[in-house]
Amino acid sequence: MRFRDRRHAGALLAEALAPLGLEHPVVLGLPRGGVVVADEVARRLGGELDVVLVRKVGAPGNPEFALGAVGERGELVLRPYALQYADPSYLEREAARQREVIRKRAERYRKVRPKVPLKGRDVVLVDDGVATGASMEAALSVALQEGPRRVVVAVPVGSPEALEKLKERAEVVALSAPQDFAAVGAYYLDFGEVTDEDVEAILLQWAP
C-alpha cells in the first residue's frame, strides 16, 4: 500500500479509526511528519490536535538506526539490543543531546499551542510510520504517565515487529504492515521534509 502524501494517509487512517468510537480524542502527532498526518486525523474525528515530543537516540556513526528514544519528560527508552551497539556513556551523552533538542522544540511549539492535558481523555498517538518503534514507544510512555482513559497508536504503515511490540501496551491501528518492510518513506509518493515552521503553522490553527 502506498500513500499519495501524509494528508492522504491521515484521511485513510481517520476512516480506520472511526469505528472505535473515540470520544473527542486528543490526537498527538510526533514531530515533524507525524503532525501532518495527525492534523488530518484530528479534523476528521472531531478531536483536538497536539504534539508529543520525542527524539530518536541513534547508533554511533548511524544516527538513523534507533537504539532508543527520549521523551518530553526526559525518559530514555532503550531497544533491547542497544548495548550491543553502544556503551552506556555514549547512550547517556546522546540522550542528553536529544533532550536539549526537545527542550528547544517544546519552547517553540508550546508558545503556539499550549499542551493539552491527557488525564481521562481518549488519546491517539500518530506518526507517518514506524520502523523500529523506538520513538513511538517513548511517546506512549509519555502519554500513559498522564492517566488517559484510552490510548490508541495509529500509523499508516509500520514494520510487523514494531507493531507487535506496541500492541503489548496499547491498541494499535495500522493500515499496512508489509513483511518486507523498507524505510517509511518508501510507502509515500510524496514524502517531503516537514519543517518546524510547517508544524507551527498547523498548531496555530488549533490555538485556543
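A residue is counted as buried when its relative accessible area is under 20%. Alanine 11 has a relative accessibility of 13% and is therefore classed as buried. The structure described here is a predicted model. Alanine 11 belongs to helix 1, which spans residues 6-17. With neighbours within four places in sequence set aside, the contacts of alanine 11 are with Glu40 and Arg44. Its C-alpha atom lies 6.3 Å from that of valine 41, a residue 30 positions away along the chain.

Glycine 46 was examined next. This residue is located in the loop that joins helix 2 (33-45) to strand 2 (48-51). The relative accessibility of glycine 46 is 42%, so the residue is assigned to the partly exposed class, which lies between the buried limit of 20% and the exposed limit of 50%. Between glycine 46 and valine 27 the C-alpha to C-alpha distance is 9.9 Å, at a sequence separation of 19 residues.

A further loop, between helix 4 (88-112) and strand 6 (122-126), contains arginine 113. Because its relative accessibility is 6%, arginine 113 counts as buried. A side-chain contact at 3.2 Å links arginine 113 to the backbone oxygen of tryptophan 206. When residues up to four places away in sequence are not counted, arginine 113 touches Glu48, Leu49 and Asp50, as well as Leu203, Trp206, Ala207 and Pro208. Strand 2 covers residues 48-51, and Glu48, Leu49 and Asp50 are among the residues that arginine 113 touches.

At the level of the whole chain, 7 helices and 8 strands are assigned. The radius of gyration is 16 Å, close to the value of 17 Å from the globule rule for 208 residues, so the chain is as compact as a globular protein of that length. Along the principal axes, the C-alpha atoms occupy a box of roughly 45 × 40 × 30 Å. Of the 208 residues, 55% are buried. Among contacts with a separation of 6 or more, 68% are between residues 24 or more positions apart.

Surface and charge were also computed. The exposed area of the chain is about 9400 Å², of which carbon and sulfur atoms supply 51%. The chain carries 29 positive and 31 negative charges, and the mean positions of the two sets are 3 Å apart.

Methods. Residues numbered from 1 in each chain as written. Predicted model: local features only at pLDDT ≥ 70, side-chain atom pairs only at ≥ 80, totals over all residues. Heavy atoms only, no water. Helix = DSSP H or I, 4+ residues; strand = E, 2+ residues; numbered from the N terminus. Rg over C-alpha atoms; globule rule 2.2 N^0.38 Å. Buried < 20%, exposed > 50% of the residue type's maximum accessible area, 1.4 Å probe, protein only. Contact = heavy atoms within 4.5 Å. Areas by Shrake-Rupley, 256 points an atom, 1.4 Å probe, with all protein chains shown as cover. Lys, Arg positive; Asp, Glu negative; His and termini not counted. Charge placed at Lys NZ, Arg CZ, Asp CG, Glu CD. Polar contact = N/O pair within 3.5 Å; in protein donor to acceptor, adjacent residues only side chain to side chain.
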